[in-house]
Amino acid sequence: MTAVRRYGITLPGAPGSHGPPTVIVVYLTSDLTADGRPVYADDSGAFRVQITDEDVAQPLADTVSSSGGRGQEQCLHAEALPPPGGADGAGLSQR
């Protein structure tokens, strides 16, 4: 089975602010977790997650979240995204 190359991860708004959620796109990296799962990271490399079989993103211990915390969001929705340029890969970025 081929790993999904990118996911959209939904982060909740800041607690108590009623702010809208933020979606971060993460890309497959060459790194693996200790249990052999692929590691996904945002463009900056600061937000790193593993994706479970149930499409839940779990921030890794070295992750700094967009809300300033260190991996405090532990159960995030992950949505598999198609390759850029469509399913045939046309226009696929260098990632």
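Which side chain does Thr33 meet in a polar contact of 2.3 Å? The partner is Asp35, joined side chain to side chain. Here are some notes on the rest of this predicted model, point by point.

1. **Overall make-up.** The protein has six strands and zero helices, so a reader going along the sequence meets the pattern β-β-β-β-β-β. Of its 95 residues, 31% are buried. The accessible surface comes to about 5800 Å², with carbon and sulfur atoms holding 54% of that area.

2. **The barrel.** The six strands close into a barrel, ordered S1-S2-S3-S4-S5-S6, with antiparallel pairing. On average, neighbouring strands of this sheet are turned by 45° against each other, direction ignored. Among contacts with a separation of 6 or more, 28% link residues 24 or more positions apart.

3. **Where S1 meets S6.** Strand S1, residues 6-11, runs antiparallel to strand S6, residues 76-80, and four bridges join the two. If you would like a place to look, try Tyr7, whose bridge partner in S6 is Ala80.

4. **S5 and its two partners.** On one pairing, S5 and S6 are antiparallel over two bridges, and Val56 stands opposite His77 of S6. On the other, S4 and S5 are also antiparallel, over three bridges. There, Ile51 has Ala57 in S5 as its bridge partner.

5. **Thr33, in the S2-S3 loop.** Back to the residue of the opening question: Thr33 lies in the loop between strand S2 (22-32) and strand S3 (38-41). Is Thr33 buried or exposed? With a relative accessible area of 16%, Thr33 falls under the 20% cut-off and therefore counts as buried. Leaving aside residues up to four places away in sequence, Thr33 touches Val39, Gln50 and Leu60. The 2.3 Å polar contact with the side chain of Asp35 is worth viewing together with these neighbours.

6. **Thr52, in the S4-S5 loop.** A second loop threonine, Thr52, sits between strand S4 (48-51) and strand S5 (56-59). Why does Thr52 count as buried? Because its relative accessibility is 11%, and buried means under 20%. Which residues does Thr52 touch, once those up to four places away in sequence are set aside? They are Arg37 and Gln58.

7. **A viewing hint.** When you go through the strands, keep one general point in mind: in a regular strand, side chains alternate between the two faces of the sheet.

Terms used
Residues numbered from 1 in each chain as written. Predicted model: local features only at pLDDT ≥ 70, side-chain atom pairs only at ≥ 80, totals over all residues. Heavy atoms only, no water. Buried < 20%, exposed > 50% of the residue type's maximum accessible area, 1.4 Å probe, protein only. Contact = heavy atoms within 4.5 Å. Pairing = 2+ DSSP bridges. Polar contact = N/O pair within 3.5 Å; in protein donor to acceptor, adjacent residues only side chain to side chain. Axes fitted to C-alpha atoms, helices over the stretch in contact; angles between N-to-C directions. Areas by Shrake-Rupley, 256 points an atom, 1.4 Å probe, with all protein chains shown as cover.
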